[in-house]
Amino acid sequence: MPTLSHTIDIAAPADRVWAILTDAAAYPEWNPFITSLDGSLTRGSRLAVTIALPGAKPRRFTPTVTAVEPERRLAWLGRLLIPGIFDGAHSFDIEPLTTESTRFTQSERFSGLLVMMMPGVLRSTESGFAAMNTALAERAEA
């Protein structure tokens, strides 16, 4: 099954990148891909997430948080209807490079019966990752 990934190096410390990533209330100010995120960023919590894929109407889904490692990793699992139809294991990984620089990787592993029938969604998602990562870097470096 396909995995999408986009990595960017950010000239800011990991704690700053984490603070911006986890300040969901501010997403509408800067995030062109995930335009809203509501819910508790704790393992097992259900979120309400709206994504804006380039060239498509915003989509809302309700993933479950699967990992929270402060200043290191945030992950969730989203599903369409029932498990095995169209599932996405999404993660944000933060790797400190120095005290003042960070590597940020956003990725998603897709699985399920409908994945191969939706190549346009996968391409748009990859573009969304790049747009969000660039905006995150700009905000962290400002």
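**Exercise 1.** Determine which two strands the hairpin joins, and through how many residues.

*Solution.* Step 1: the hairpin links S7 to S8 through two residues; a strand is a DSSP run of E with at least two residues, numbered from the N terminus. Step 2: S7 covers residues 87-98 and S8 covers residues 101-111. Step 3: these strands run antiparallel and are joined by 11 bridges, where pairing requires that DSSP finds at least two bridges between two strands. Step 4: across this pair, Glu 95 stands opposite Arg 103 in S8, and Phe 92 faces Gln 106 in S8.

The model is predicted: local features need pLDDT of at least 70, side-chain atom pairs count only at pLDDT 80 or more, and totals for chains, interfaces and linings use all residues. Residues are numbered from 1 along each chain as its sequence is written, and side-chain values use heavy atoms, with hydrogens and water left out.

**Exercise 2.** Establish the strand order of the open sheet and explain why S1 and S5 each have one side without a neighbour.

*Solution.* Step 1: the five strands follow the order S1-S8-S7-S6-S5, with antiparallel pairing. Step 2: S1 (3-10) and S5 (64-69) lie at the edges and have a single partner strand each, so one side of each lacks a neighbour in the sheet. Step 3: within the sheet, S6 and S7 pair over seven antiparallel bridges; Leu 77 has Ala 89 in S7 as its bridge partner.

**Exercise 3.** State which strands helix H1 touches.

*Solution.* Step 1: H1 (residues 14-21; helices are DSSP runs of H or I with at least four residues) packs on the sheet. Step 2: H1 touches S1, S5, S6 (73-79), S7 and S8, contact meaning heavy atoms within 4.5 Å.

Methods. Axes fitted to C-alpha atoms, helices over the stretch in contact; angles between N-to-C directions.
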